[in-house]
Amino acid sequence: MNTENKNSYASFHIRQALGLSITFISLGLIISNFDSPMISISMWIFLSVLWTYGIFSAINGQTKPIPLLGNYFQKWFSNIS
């Protein structure tokens, strides 16, 4: 969708999804060192809530960044346009 004509809406949500994916992998690697189900479940709930927020934002046609990290993702991945 975003390879031919650059669509700012698609670019926005690609950056958000990429940021969430990298956050998920990073937290997973860090948390895997601890053998605590409470820490793992907390991470899953936290990321599931952020992912759900992002999906509903995209479905509604809005470009609202996800809470806490969304603005950082837009800055860090600004080369994706």
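These legends describe close-up views of a predicted model.

**View 1. The whole chain, an all-in-one overview.**
The protein chain has 3 helices and 0 strands. Along the sequence the pattern reads α-α-α. The C-alpha atoms fill a box of roughly 45 × 25 × 20 Å along the principal axes. Of the 81 residues, 26% count as buried. Among contacts with a separation of 6 or more, 63% join residues 24 or more positions apart. The accessible surface comes to about 5,700 Å². Carbon and sulfur atoms hold 66% of that surface.

**View 2. Helix α1 from end to end.**
Helix α1 runs over residues 8–31. Its 24 residues should span 34 Å at 1.5 Å a residue, and the end C-alpha atoms are 34 Å apart, so the two values agree. The buried residues of α1 are A10, S11, F12, H13, R15, Q16, G19, L20, T23 and I31. These buried residues pack against α2 and α3. Helix α3 covers residues 70–76.

**View 3. The largest nonpolar core.**
Eight residues form the largest nonpolar core: L20, I31, M43, L47, L50, I66, F73 and F77. Helices α1 (8–31) and α2 (37–59) each supply at least two of them. Helix α2 gives the most to this core, with 3 residues. In soluble globular proteins, nonpolar side chains tend to be buried together.

**View 4. Core residue F77 and its contacts.**
F77 belongs to the largest nonpolar core. Leaving out residues up to four places away in sequence, F77 touches R15, L18, G19 and I22. Of these partners, R15 and G19 are listed among the buried residues of α1.

**View 5. Q16, a buried residue of α1.**
Q16 lies in helix α1. Its relative accessibility is 5%, so Q16 counts as buried; the cut-off for buried is under 20%. Beyond residues up to four places away in sequence, Q16 touches P65, I66, G70, F73 and Q74. Two of these partners, I66 and F73, are members of the largest nonpolar core.

**View 6. Q74, facing Q16 across a contact.**
Q74 sits in helix α3. With a relative accessible area of 16%, Q74 is buried. Setting aside residues up to four places away in sequence, Q74 touches F12, R15 and Q16. F12, R15 and Q16 are themselves among the buried residues of α1. The C-alpha atoms of Q74 and G19 are separated by 8.6 Å. Along the chain, Q74 and G19 are 55 residues apart.

**View 7. A nonpolar patch on the surface.**
F24, I25, L29 and W44 make a nonpolar surface patch of about 440 Å². Helix α1 gives the most to the patch, with 3 residues. One of the patch residues, F24, is placed in helix α1. At 33% relative accessibility, F24 counts as partly exposed, because that class lies between the 20% and 50% cut-offs.

Methods:
Residues are numbered from 1 along each chain as its sequence is written. This is a predicted model: local features need pLDDT of at least 70, side-chain atom pairs count only at pLDDT 80 or more; totals for chains, interfaces and linings use all residues. Side-chain values use heavy atoms; hydrogens and water are left out. A nonpolar core is a set of buried Ala, Val, Leu, Ile, Met, Phe, Trp, Tyr and Cys residues joined through side-chain atoms within 4.5 Å. Buried means under 20% relative accessible area, exposed over 50%, partly exposed in between (1.4 Å probe, protein chains only). Helices (H or I, at least four residues) and strands (E, at least two) are DSSP runs, numbered from the N terminus. Contact means heavy atoms within 4.5 Å. The expected span of a helix is 1.5 Å times one less than its number of residues. Patches are made of residues with over 30% relative accessible area and no salt bridge: like charges are joined within 9 Å, nonpolar side chains (Val, Leu, Ile, Met, Phe, Trp, Tyr) within 5 Å. Accessible areas come from the Shrake-Rupley method with a 1.4 Å probe; for residues, only the protein chains shown count as cover. A salt bridge is a side-chain nitrogen of Lys or Arg within 4 Å of a carboxyl oxygen of Asp or Glu.
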